[in-house]
Amino acid sequence: MAGHSKWANIQHRKGRQDAARSKLFSKLSKEITVAAKMGDPDPEKNPRLRMAVKEAKGQSMPKDNIDRAIKKATGGEGDAYEEIRYEGYGPNGVAVIVEAMTDNRNRTAANVRATFSKNGGNMGETGSVGFMFERKGEIVYPASVGDSETVLEAAIEAGAEDVESSEDGHVIWCTDTDLADVSSALEEALGESESTKLVWKPQNTTELDLDGMQSLMKLIDALEDDDDVQRVTTNFEASDEVLAQL
């Protein structure tokens, strides 16, 4: 599992502090509000909202918070937000995609650019690293849901493209446009997923040693600390030995 998937595992192992969880809930709420604003406020009639709510539940976000985020959309909040993607290079030439949701494009661009510069990276033009990634649907299940053959069979039936199984769990990949349908079919076969979302999947990776990973983590932590930043994806690869030392 490259880039974002391993990063999620690292974050999970490090454990979320209350402040980080509060920030995560804030980002999830923003995504729910914008998704509800762009379509129907009923998750059953709005695939993007359905995915956002599912992701929030997977992160143990309380139902009251989810309902409140949807109500904000019907109350007119979320009008000003626009989605922007920034691209650049981190330490050691690692490709970085930053997805943001902002009501002030100039502020966000300046902050992201400064964060890259202060942490050994460079922000590039849109498209400067995007070609190294594919837009995919990613559905994650715990290892306890079944063995690799069981999950592979369910994934094929659901119309998925690929499955990566390990002792950490199962990562199921599908085309970005099929995510809602594939995840619904998998839910019937395997139950609720841990995570269901659209991601940037690296097509090639950059191997990092411990120093490289520590430098990259500083950049990612700083980017994720920005309230306007929703998600950070990189194309790093690191050995289990390196990851275990983080």
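Visitor: By the rule used here, how many salt bridges does the count come to?
Guide: This is a predicted model. Side chains of opposite charge can pair when their charged atoms come close. The rule asks for a side-chain nitrogen of Lys or Arg within 4 Å of a carboxyl oxygen of Asp or Glu. By that rule the count comes to 14 salt bridges.

Visitor: Which parts of the chain does the salt bridge between Asp-227 and Lys-23 tie together, and how far apart in sequence are they?
Guide: The two side chains meet at 2.7 Å, N to O. Asp-227 sits in the loop between helix H8 (210-224) and strand E9 (229-234), while Lys-23 belongs to helix H2, so the pair links parts separated in sequence by 204 residues.

Visitor: Into which domains is the chain divided?
Guide: Domain 2 comes in two segments, 82-131 and 204-244. Domain 3 covers 132-202. The remaining one, at 17-75, is domain 1.

Visitor: What area do domain 1 and domain 2 bury between them?
Guide: Their centres, taken over C-alpha atoms, are separated by 24 Å. Seven residues of domain 1 are in contact with nine of domain 2. Carbon and sulfur atoms carry 37% of the buried area. The total is about 690 Å².

Visitor: Which three residues supply 73% of the area that domain 1 buries against domain 2?
Guide: No other three residues supply more of the area on the domain 1 side. One of them, Lys-30, forms a salt bridge with Asp-228, with the closest N and O atoms 4.0 Å apart. The three are Lys-23, Lys-27 and Lys-30.

Visitor: Which helix gives the most to the side of domain 1 that touches domain 2?
Guide: Across this interface the rule finds four salt bridges. Nine residue pairs are in polar contact there. Six residues on the domain 1 side come from one helix, spanning residues 18-38. That is helix H2.

Visitor: How many charged residues are on the side of domain 1 that touches domain 2?
Guide: Two residues there are nonpolar. No polar residues appear on that side. The charged residues number five.

Visitor: How far apart are the end C-alpha atoms of residues 81-236?
Guide: An unreviewed UniProt entry lists this stretch as "domain: TACO1/YebC-like second and third". In the model, the stretch is 33% helix and 37% strand. The end C-alpha atoms are separated by 30 Å.

Definitions and conventions
Residues numbered from 1 in each chain as written. Predicted model: local features only at pLDDT ≥ 70, side-chain atom pairs only at ≥ 80, totals over all residues. Heavy atoms only, no water. Domains from an automatic or database assignment. Contact = heavy atoms within 4.5 Å. Buried area = accessible area lost by both parts, 1.4 Å probe. Polar contact = N/O pair within 3.5 Å; in protein donor to acceptor, adjacent residues only side chain to side chain. Helix = DSSP H or I, 4+ residues; strand = E, 2+ residues; numbered from the N terminus. Nonpolar A, V, L, I, M, F, W, Y, C, P; charged D, E, K, R; others polar. UniProt positions renumbered as here; feature names shortened; annotations may be inferred.
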